[in-house]
Amino acid sequence: MSLILSKAAKYIKSNFRGSSDLYRPEFHFSAPLGWLNDPNGLIFFQKQFHLFYQYNPYATKWGNMHWGHAVSRDLLHWQNLMPALAPDEDYDRSGAFSGSAIERGGLLYLMYTGHVVLADGSVTETQNIAYSLDGLNFKKYEKNPVIAADKLPEGASRSDFRDPKIIHHDGHYYAVIASTAHAQGQILLYRSDDLLDWQYFSTIFSNRPELGMMAECPDLFQLDDQYALVFSAIVGPDLPNAVYLALGDLDWSTGHFQLNKISILDQGQDFYAPQSFSYQGQRIMIPWLRNNDLVNYLSDGKHSWNGQMGIPRELSLANGALIQRPVLELGQNESNSPFRLSSKHSIAFLDTLILNSNSGLAVGDRLLLTGGQEKIELSRQTNSDYELNLTLVSSKRRINIMSTSDKDQVLILLLDRSSLELFIDNTGVASVVLYPERPWEKISYFGTSKFTGRIINLENLK
């Protein structure tokens, strides 16, 4: 273990004082202390799910990027471990930025971006490898970087070249990497036979307005008979960032991606930098939940932590439509027993809630969550159009959510202290970060559907 990594581990152990906090989520992952952003290196390795993440253990604002690390056996209960990577080499001295993981020959390989700010203020980013036998202790490859600036195509920026996602296909390894050329986003594809010797293969996606100024955290995977290319676009100053899903056909002989359809992945605007992995034939994705305007709300409020992940969601296609299903298998016991919600009785609760309905809201129906003068209201305007209104001291927002046009729609609502996720027929999905002034107190329903809910205490779910 390097001195810098050892220092971070000791700092966390010495300064963590418990997880009790009005805003700390109960069933969404958050780091023990410090700043958290992009999920990295998602993989099932040696009988555990591994979640790595961008991490600053020393402060609750972005900076000094390490790789945090947590493991789970069910994607619900997470055990946080000591950081896996630190910015402790010349090629990553300004930050160990985002990347991905893959297993080869019984070893776990991480590919990540080394970020270096030079004395003149210019930036260079390169791609690097670390590997581990046990999935806990990592050694950086002695010949890093494996992809340096001399392997960039003509016109590509060496300062915006990051977030490699590794894919294995037909005996070869490929990596999609975020890039820019002439201040416009593009996604590059590299190829290797051994994860160590990489060559530029193609510019897999470019010349699209959706790519914005930069298309971060690209992800490439197969859904049914199509390929999905996911990326997080930095759109421009003072504009919300957006995460897109591009479906199309990929010619592996040329690295050419033929676009069929492109759409926003999550309609809530607080969903960013998702990464996916394959597990038992399922494609599971985890995002970082963050709001542009509230990104430093917890830091400014002197909380000891900042940042959370979204609920893992399974992705699939049905008749060409993207289906997103939350992966949240809960045990049952007395403290988490179901309740029923109807228009006749409001339900009192505190902080956390999972609400389900197989018939959802009829047109004109409303769900109302209240705490003091603050409220969250979800209403169905038409068969396919929902409206979510947030009236909080910290923020006021109106979000339109489009779903399929069926009359009855399954609705799942996940409220976890400082986040809200909605899944409407698993086609209209919205993720929202929120900071109420006081704990939520009750939920009311105005309509004719039937709901069941659970108030969640994760410590009692085994």
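This briefing describes the nonpolar cores, a pocket, a helix and several individual residues of the structure above. The structure is a predicted model. Its largest nonpolar core holds 38 residues, and another core, of 30 residues, lies apart from it. The second largest pocket encloses about 450 Å³ of space. Helix H1 spans residues 3-15, and a cis peptide bond joins Asn 144 and Pro 145.

**Nonpolar cores**

- Tyr 53, Leu 265 and Met 309 touch the most other members of the largest nonpolar core, which has 38 residues.
- At least two residues of this core come from each of eight strands: E1 (34-45), E2 (48-56), E13 (214-223), E14 (226-234), E15 (242-251), E17 (271-279), E18 (282-289) and E21 (313-318).
- Strand E17 makes the greatest contribution to this core, supplying five residues.
- A separate core of 30 residues includes Leu 353, Val 432, Ile 443 and Phe 451.

**Second largest pocket**

- The space in the second largest pocket amounts to about 450 Å³.
- Its lining consists of 20 residues, of which Ile 166, Ile 167, His 168, Ser 278 and Arg 283 are the closest to the centre of the pocket.
- Two or more lining residues are given by each of E1, strand E5 (96-104), strand E9 (156-169), E13 and E17.
- Strand E9 provides the largest share of this lining, with five residues.
- Sorted by class, the lining comprises 12 nonpolar, five polar and three charged residues.
- Strands E1, E13 and E17 each give two or more residues to this lining, and each also supplies at least two residues of the largest nonpolar core.

**Helix H1**

- The 13 residues of H1 should span 18 Å at 1.5 Å a residue, and this agrees with the 18 Å between its end C-alpha atoms.
- The buried residues in H1 are Leu 5, Ser 6, Ala 8, Ala 9 and Ile 12.
- Viewed down the axis of H1, the buried residues fall within an arc of 160 degrees, and therefore they line one face of the helix.
- An α-helix has 3.6 residues a turn, so residues three or four places apart point the same way.
- Leu 3, Lys 7 and Lys 10 are exposed and sit on the face of H1 turned away from its buried side.
- Lys 13 also belongs to helix H1 and is exposed, because its relative accessible area of 72% is over 50%.
- Between the C-alpha atoms of Lys 13 and Gly 106 there are 30 Å in space, and the two residues are 93 apart in sequence.

**Backbone geometry**

- Most residues other than glycine have a negative phi, and most peptide bonds are trans.
- The peptide bond between Asn 144 and Pro 145 is cis, with omega about -5 degrees.
- Pro 145 is placed in the loop between strand E8 (139-140) and E9.
- Ala 273, a residue other than glycine, has a positive phi near 50 degrees.
- Ala 273 is part of strand E17, and its relative accessible area of 1% is under 20%, so Ala 273 is buried.
- Gln 280 is likewise not a glycine, yet has a positive phi of about 50 degrees.
- Gln 280 is found in the loop between E17 and E18, and is exposed with a relative accessible area of 68%.

**Other residues of note**

- Ile 204 is located in strand E12 (residues 198-205) and is buried, with a relative accessible area of 3%.
- From Ile 204 to Ser 357 the C-alpha to C-alpha separation is 41 Å, with their positions 153 residues apart in sequence.
- Asn 137 occupies the loop between strand E7 (123-132) and E8, and is exposed at a relative accessible area of 52%.
- Asn 137 and Thr 203 stand 66 residues apart in sequence, and their C-alpha atoms are 34 Å apart in space.

How values were computed. Residues are numbered from 1 along each chain as its sequence is written. This is a predicted model: local features need pLDDT of at least 70, side-chain atom pairs count only at pLDDT 80 or more; totals for chains, interfaces and linings use all residues. Side-chain values use heavy atoms; hydrogens and water are left out. A nonpolar core is a set of buried Ala, Val, Leu, Ile, Met, Phe, Trp, Tyr and Cys residues joined through side-chain atoms within 4.5 Å. Buried means under 20% relative accessible area, exposed over 50%, partly exposed in between (1.4 Å probe, protein chains only). Helices (H or I, at least four residues) and strands (E, at least two) are DSSP runs, numbered from the N terminus. On a 1 Å grid over the protein atoms alone, a cavity is a set of points where a 1.4 Å probe fits but cannot get out, and a pocket is an open set with protein on both sides within 12 Å along at least five of seven lines; lining residues have an atom within 4 Å of a point. Grid points are joined across faces, edges and corners, and a volume is the space filled by probe spheres set on the points. Ala, Val, Leu, Ile, Met, Phe, Trp, Tyr, Cys and Pro count as nonpolar, Asp, Glu, Lys and Arg as charged, and the others, Gly among them, as polar. The expected span of a helix is 1.5 Å times one less than its number of residues. The arc is that of the directions from the helix axis to the C-beta atoms.
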